[in-house]
Amino acid sequence: MTNPRKKYDHEILLLQGGGALGAYHAGVYEGMAEAGRAPTWVVGVSIGAITAALIAGNPPERRVERLRAFWERVSSYAPLAWPAWLDPMRPAYNSLSAGIVATFGSPGFFVPRVPPAFFAAGGPGTMSFYDTTPLKSTLEELVDFDLINRREVRVSLGAVNVRTGASVYFDNERTRIRPEHVMASGALPPGFPAVQIDDEYYWDGGIVSNTPLTYVWDERPLTTALIVTVDLFKAMGDLPSNLGDVLERQKDIQYSSKQRFSTEHAVKIGQLRGALIRLLDKLPVDLRADPDAQLLATLSDNRQWMVVRLTNQRLAHVSQTKDYEFSRATVNEHWSAGLEDVRRAVANRDVITPTSLIPGVRVYEVADAPPLPVRPHSSSADHRLPDRNAPCSSKTKLPSSPAPPAASARALPFTSLARAPRWRLLT
């Protein structure tokens, strides 16, 4: 592997949307902080936008604490741990939990409209099932928007213009970010209402693309960049065997649909960029000064990028309700999965072999490595959020996932992995 402490112009974290699955983002970030890595640019869609705001809107020493506070709040309606001896009943519990959220909302996030939208006389209340006003209060409490707008960390939040259908990114390089921008990125209809910003209305950016790689790809100049994309839905999956599986698989395909396109687009553009560089090198000196050649030269930058994809694998007990099942037990497991995946990447860093697939860009799709040792008789109760009273530092650990040796932690090059039979580089 290359020098793990190589300096990059940008260390970029891309966060896909996925509702309750977004607790995985928090675990991934904690693992990064534990290994001493911090993104300089966070790009998020939907729940990824909320995570981006919680990261960039707090100083490094408070980010894990604020992420924890958010997830404890939205899961507080079902705060109990789930004992291992009741695991056969877990799918039923998850369905009940999702039903409670659908009926009563999620604390600090959204509440059902009264009267329901179908019975409202008119106005904004007729265009969504839930009111997201509680989310605004939560964001104002947990996020320092003045800090975001000081641009110490770049933030880009994906949304879609309701009127034009155009994909839009609210970027603190160009826009003063407010709670409304975060809410607009997560305004998934018909559950949540469109959010007005200036004279336009916006919905969840995942409607157009739930994977924001293309936005980053088109940005220039980015000479050297380390890009980690965290996906919450799997593009690849098993053939459904019942109606519940059909609904879940439909959701996975719908919200991971841009993953393959984004990667294939990146590969094609990279190949064209490489061909353009070679062609320009063959031009005579007098033609290189031609305005058209000068314009083409701006597209042929000498980028050196590393792109790593991390995907949250399906928990055995989740179903098509997984994006709105906010129970504390499930949230804790998603968080633990993200943290453990980063730790396992650290412990097995030597397994990864860099593969150059695009001129100037190395792309990794990581499938799996040997798991960390697990304590005997561990249960889902072990997968819990870090103690609220524990200091928010890189040393915060979950008991079920022992930390790798210090030497491994020092070597983390912002790598990641997910659960599957073997390591598999993108081909």
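Helices and strands here are DSSP runs, counted from the N terminus, with at least four residues for a helix and at least two for a strand. With that in hand, let's walk through the structure, which is a predicted model.

By that count, the protein has 13 helices and twelve strands. Of its 427 residues, 53% are buried. The surface it exposes comes to about 19,200 Å², with carbon and sulfur atoms supplying 58% of that area. If we take the contacts between residues at least 6 apart in sequence, 77% of them join residues at least 24 apart.

How far does the predictor's confidence reach? The average pLDDT is 80, and 77% of the residues score at least 70. Two stretches call for care. Over residues 375-384 the pLDDT stays under 50, and the model has 19 contacts beyond four places in sequence for them. Residues 386-427 also stay under 50, and for these the model has 127 such contacts.

Let's start the tour with two prolines. Pro-115 sits in the loop between strand E3 (111-112) and strand E4 (130-131), and the peptide bond leading to Pro-115 from Val-114 is cis, with omega near 0°. Pro-190 is placed in the loop between H7 and strand E7 (195-197). Here the cis bond runs from Pro-189 to Pro-190, with omega near -5°.

Other loops hold backbone angles to look at. Ser-46 belongs to the loop between strand E2 (41-45) and H2. Its phi is near 60°, a positive value in a residue other than glycine. Ser-46 is buried, at a relative accessible area of 13%. Asp-198, in the loop between E7 and E8, has a positive phi of about 60° too, although it is not a glycine. Unlike a buried residue, Asp-198 is exposed, with a relative accessible area of 61%.

Now for a helix. Which residues of helix H5 are buried? Within H5 (residues 133-142), they are Leu-135, Thr-138, Leu-139 and Leu-142. These residues span an arc of only 100° around the axis, so they lie on the same side of H5. The general background is helpful: an α-helix has 3.6 residues a turn, so residues three or four places apart point the same way. The cover over the buried residues of H5 includes helix H2 (47-56), helix H3 (63-74), helix H6 (145-149) and helix H7 (179-185).

On the surface, we can find a nonpolar patch formed by Leu-96, Ile-100 and Phe-104, which together have about 310 Å² of accessible area. Ile-100 lies in helix H4 (residues 90-104). With a relative accessible area of 31%, Ile-100 is partly exposed. That value matters because patch residues need over 30% relative accessible area.

Next come the charged pairs. Side chains of opposite charge can pair when their charged atoms come close. Across the whole structure, a search finds 17 salt bridges. One of them joins the side chains of Arg-62 and Glu-65, at 3.2 Å from N to O. Both partners have some access to the surface: Arg-62 is partly exposed at 31% relative accessible area, and Glu-65 is partly exposed at 28%.

In another salt bridge, Asp-171 pairs with Arg-154, and the closest N and O atoms are 2.7 Å apart. Asp-171 is in strand E6 (residues 167-171) and Arg-154 in strand E5 (residues 154-161), so this pair ties together parts that are 17 residues apart in sequence. Both Asp-171 and Arg-154 are buried.

Arg-163 and Glu-200 also meet through their side chains, in a salt bridge of 2.7 Å from N to O. Since Arg-163 lies in the loop between E5 and E6 and Glu-200 in strand E8 (residues 200-204), the pair ties together parts 37 residues apart in sequence. Arg-163 is exposed, with a relative accessible area of 62%. Elsewhere, salt bridges with shared partners join Glu-248, Arg-249, Asp-252 and Lys-322 into one network.

We can finish in the loop between E5 and E6, where Gly-165 lies. Gly-165 is partly exposed, at 43% relative accessibility. Which residues does Gly-165 contact, leaving aside its neighbours within four places in sequence? They are Val-160 and Val-208. The C-alpha atoms of Gly-165 and Ile-207 are separated by 9.4 Å, though these residues are 42 apart along the chain.

Technical notes: Residues numbered from 1 in each chain as written. Heavy atoms only, no water. pLDDT = per-residue confidence, 0-100. Contact = heavy atoms within 4.5 Å. Buried < 20%, exposed > 50% of the residue type's maximum accessible area, 1.4 Å probe, protein only. Arc of directions from axis to C-beta. Patch = residues over 30% accessible without salt bridge, like charges linked within 9 Å, V, L, I, M, F, W, Y side chains within 5 Å. Areas by Shrake-Rupley, 256 points an atom, 1.4 Å probe, with all protein chains shown as cover. Salt bridge = Lys/Arg side-chain N within 4 Å of Asp/Glu carboxyl O.
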